[in-house]
Amino acid sequence: MATTLPDELLSSLNESVKCRKLQQQQTACLLISDLFSIPNLVLHGTEATGKSLTISALLSKIDTPSAIIQSKECITTRHLLERTLTKVQEALGDTSPLVDGRCESISAFVVQLQRLLEDQKKFILVFDNIDRQREAAPTLLPALARLGEL
């Protein structure tokens, strides 16, 4: 069953990011479909081909709340998790303080993320350059891959 996207969205995306029409359509279908919702989406490919630009342009055009985390700017796993919680909170317009400003572990991160997203039907969380995360714990990527199960 094919999902049709609004022509104005597709033309707007094509204006923002040239020569990526097929990739824009495929990504948009996966992220904004009302028929199904995927828990995880991995965009992988050669460096400097427009993956980050394409996803940023798409997220700026849709109504679904989202946050983009620049993973390579975070030094430790703790730094990444705390920055992620802050970005999610900013995206939701939540001004209440986090239960605990510190996030020492993945399990503490999951608890705080669940609290932030408890009233959300859908939230898009993008970890850009997660493969370049410095000092990443060996359990980081598998744990992030399971966030869609929340």
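**A tour of two helix pairs**

Begin by selecting Leu9, Leu10, Leu13 and Asn14 in helix α1, together with Lys21, Gln24, Gln25 and Ile32 in helix α2, since this is where the two helices meet in this predicted model. Colour that selection by residue class, and the contact of α1 with α2 divides into 4 nonpolar, 3 polar and 1 charged.

Now widen the view to the whole of α1, residues 7-16, and the whole of α2, residues 21-32, whose axes come within 10 Å and cross at roughly 130°. That angle makes α1 oblique to α2, and the crossing in which α1 passes α2 is right-handed.

Before moving on, colour the protein chain by confidence: its pLDDT averages 86, and 93% of the residues score at least 70. Confidence is lowest in α1, the helix just visited, at a mean of 83, and highest in strand β1, residues 66-70, at 95.

Next, select helix α4, residues 77-92, and helix α5, residues 106-117, whose axes come within 10 Å and cross at roughly 0°. This makes α4 roughly parallel to α5.

Which residues of α4 and α5 make the contact? On the α4 side, show Leu81, Thr84, Leu85, Val88, Gln89 and Leu92, and on the α5 side, show Ile106, Phe109, Gln112, Leu113, Leu116 and Leu117. Coloured by class as before, the contact of α4 with α5 has 9 nonpolar, 3 polar and no charged residues.

Technical notes
Residues are numbered from 1 along each chain as its sequence is written. This is a predicted model: local features need pLDDT of at least 70, side-chain atom pairs count only at pLDDT 80 or more; totals for chains, interfaces and linings use all residues. Side-chain values use heavy atoms; hydrogens and water are left out. Axes are lines fitted to C-alpha atoms, for helices over the stretch in contact, and angles run from 0 to 180 degrees between N-to-C directions. Helices (H or I, at least four residues) and strands (E, at least two) are DSSP runs, numbered from the N terminus. Angles under 35 degrees count as roughly parallel, over 145 as roughly antiparallel, 65 to 115 as roughly perpendicular and the rest as oblique. A crossing is left-handed if the near helix is turned anticlockwise from the far one by less than a right angle, and right-handed if clockwise. Contact means heavy atoms within 4.5 Å. Ala, Val, Leu, Ile, Met, Phe, Trp, Tyr, Cys and Pro count as nonpolar, Asp, Glu, Lys and Arg as charged, and the others, Gly among them, as polar. pLDDT is the predictor's confidence in each residue, from 0 to 100.
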